[in-house]
Structures are given as structure tokens and as C-alpha cells.
Amino acid sequence: MRTIRPLLAAVVAALAFASALLFSAAPASAHDVAESTTPANGTAVTQVPASVSITFNNRPLAIGSGVTVTAGGENWADGPVEIIDNQAVQKLREGAPGGEYTVVWRVVSSDSHPIEGTFTFTATVGSATAANGSAAVSPSASAPSAAVPTAGTGAPGTGNSEPAADASQPFPWSIVGLAVVAVGLVIFLAVTARRKLAASNDSDGDSPAE
């Protein structure tokens, strides 16, 4: 029986390891989410703002980030995305017309996973141009921020608030693989322990009585 106890201890340890891996899989798949946009999704503003922004619960990475701001079939985004604290800010070109705008954003979250989404707003008047010397209205003055469903969604407000499986929450296959290996080790140790116990019992039964 003394030879069996270390094997049973190893089985218990392997089971604890497998359980820890499985329970840690869910938290590992949670990534950053968008909390609000400026202008707010679906709102109407007086004038096209000088920039649009998306606010996240954590600071996103600048590398791999991009925002398009489209109206009338033209992208009015001006230059690269700026990451300011936990916001992704995209400036707009001067002379953008009034009308409906669609903003499509994609950033790399703080855990290095890409997340994406989209929102819309409508401007009554186009932005100011360099010709008349007027300054464009800042987004804080023309439109409030509002919460968006989650990062990695399709168009907010369409009713689809589930995160995209290939963007914001990829399935943790590596953790599942480790758990499978751990379970296999548990089975192997259990079978080995049972065989050793059976062999030990057989040898005790075959020994001659004194």
C-alpha cells in the first residue's frame, strides 16, 4: 500500500491542476470593451465635429488601430488614430459635408487582441473650411457621449450585442489543450495505480503461509 499512496497523491494533484486550468479559461477570454462614443450612436449634431472618439475601459494599443468616418461614399478621416489615455480619437478633414456618417473602428486592446465596432451620427451642417476661416466645432460642444453595447459588435443599436468570436473573445484553445493533457495524465496515473495494487494483492495471495 505504501507504493500506491504516492500515485494517489499525484492523481489528486493532477485533478487540481486540471480544475484550475478550466476555471481560469473564462476570465482569460475577457478583453477590453468600448464604453462610449462621441458623438453618441444614432444622434444628430448641429455641425460635423472636428473629431470623433471611442472611450474604452482600458487604454488600447496604438499599433494596428484604425478609424474610418464615411459620408457620401468618402472617408473624411484625417491622419492616423490618436490614443489619448483610454480614448481612440480620429480627426476629420475640413469641408466634410452635412449628412449621415458611419464610423467604423478597429483597435488592439490592452491584452493584444483586436476589437472592432461601428456607430453612426447625422450632422445638419457641414464642417467649417479653411476658406471662410471658421473653426470646426469640437465633439464635446456638438454632441454628448453615450454608452455603446460592447466592443467587437456590429452596428450598435441593431440589437446584436454579442461580442464577435474572432475579434474580442477568441476561444482559449491552448488552455483547453492543457486541460485535456492534464486529464489524460490523471487517467494514466489512475490505471497505473490500479494495476500496481492488483499486482500487489496477487503477490500477497501467492506467498506461502508460515
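**Notebook: rings, sheet and confidence**

I started at Phe121, which counts as buried, since its relative accessibility is 1%. The model is a predicted one, so I turned to confidence before going further.

**Entry 1. Confidence**

I looked up the average first: the chain has a mean pLDDT of 72, and 54% of the residues reach at least 70. Where is confidence lowest, and where highest? The low end is helix H2, residues 139-142, with a mean of 40. The high end is strand E7, residues 87-91, with 97. I then noted residues 25-29, where the pLDDT is below 50. That stretch still has seven contacts in the model beyond near neighbours in sequence. A second stretch, residues 130-171, stays under 50 as well. For residues 130-171 I recorded 91 contacts beyond four places in sequence.

**Entry 2. Overall layout**

I listed the elements and found three helices and ten strands in the chain. Read from the N terminus, the order is α-β-β-β-β-β-β-β-β-β-α-β-α. Of the 210 residues in the chain, 35% are buried. I also checked how far apart contacting residues lie in sequence. Taking contacts between residues at least 6 apart, 67% join residues at least 24 apart.

**Entry 3. The five-stranded sheet**

In what order do the five strands of the open sheet lie? I read E2-E9-E8-E4-E5, with mixed pairing. Strand E2 (43-47) and strand E5 (74-75) are the edges, each paired on one side only.

I followed strand E4 (residues 61-71) to its partners. With strand E8 (residues 99-108), E4 pairs in the antiparallel sense, over six bridges. Two of the residue partners went into the notebook: Thr68 is bridged to Val104 in E8, and Gly66 is bridged to Arg106 in E8.

The pairing of E4 with E5 is also antiparallel and runs over two bridges. Here I found Ala71 opposite Glu74 in E5. The hairpin formed by E4 and E5 has two residues between the strands. Gly72 in this hairpin has a positive phi near 60°.

**Entry 4. The nonpolar core**

Which members of the largest nonpolar core touch the most other members? Out of 23 residues, I noted Val52, Phe56, Val67, Tyr101 and Trp105. At least two residues of this core come from each of E3, E4, E8 and strand E9 (114-125).

I took Val67 and looked up its contacts, leaving out residues up to four places away in sequence. The list includes Val52 and Ile54, then Ala77 and Val81, then Gln90, and finally Val103, Val104 and Trp105.

**Entry 5. Aromatic pairs**

How many aromatic pairs are there, taking ring centres within 6.5 Å as the rule? I counted two. Phe56 and Trp105 make an edge-to-face pair, with centres 5.4 Å apart and 80° between the planes. Phe56 sits in strand E3 and Trp105 in strand E8, so I checked the separation against the numbering: the pair links distant parts of the chain, 49 residues apart. I asked next whether these two rings are buried or exposed. Phe56 has a relative accessible area of 1% and is buried. Trp105 is buried too, at 4% relative accessibility.

The other entry is Tyr101 with Phe121, which counts as stacked because the planes lie at 5°, under the 30 degrees cut-off. The ring centres of Tyr101 and Phe121 are 5.2 Å apart. Tyr101 belongs to strand E8 and Phe121 to strand E9, so this pair ties together parts 20 residues apart in sequence. Tyr101 counts as buried because its relative accessibility is 0%, and I had already logged Phe121 as buried at 1%.

**Entry 6. A threonine in E3**

I went back to strand E3 (residues 51-56) for Thr55, which lies in it. Why does Thr55 count as buried? Its relative accessibility is 13%, and the cut-off for buried is under 20%, so Thr55 falls within that class.

I then looked for a polar partner. The side chain of Thr55 makes a polar contact with the side chain of Gln87, at 3.0 Å. Leaving aside neighbours within four places in sequence, Thr55 is in contact with Val33, Ala34, Glu35 and Ser36, and also with Asn86 and Gln87.

Note on methods:
Residues are numbered from 1 along each chain as its sequence is written. Side-chain values use heavy atoms; hydrogens and water are left out. pLDDT is the predictor's confidence in each residue, from 0 to 100. Helices (H or I, at least four residues) and strands (E, at least two) are DSSP runs, numbered from the N terminus. Contact means heavy atoms within 4.5 Å. Two strands pair if DSSP finds at least two bridges between them. Buried means under 20% relative accessible area, exposed over 50%, partly exposed in between (1.4 Å probe, protein chains only). A polar contact is a pair of N or O atoms within 3.5 Å; within protein, one must be able to donate a hydrogen and the other to accept it, and residues adjacent in sequence count only if both atoms are side-chain atoms. A nonpolar core is a set of buried Ala, Val, Leu, Ile, Met, Phe, Trp, Tyr and Cys residues joined through side-chain atoms within 4.5 Å. Rings of Phe, Tyr and Trp (its six-membered ring) pair if their centres lie within 6.5 Å; planes under 30 degrees apart count as stacked, over 60 as edge-to-face and the rest as tilted.
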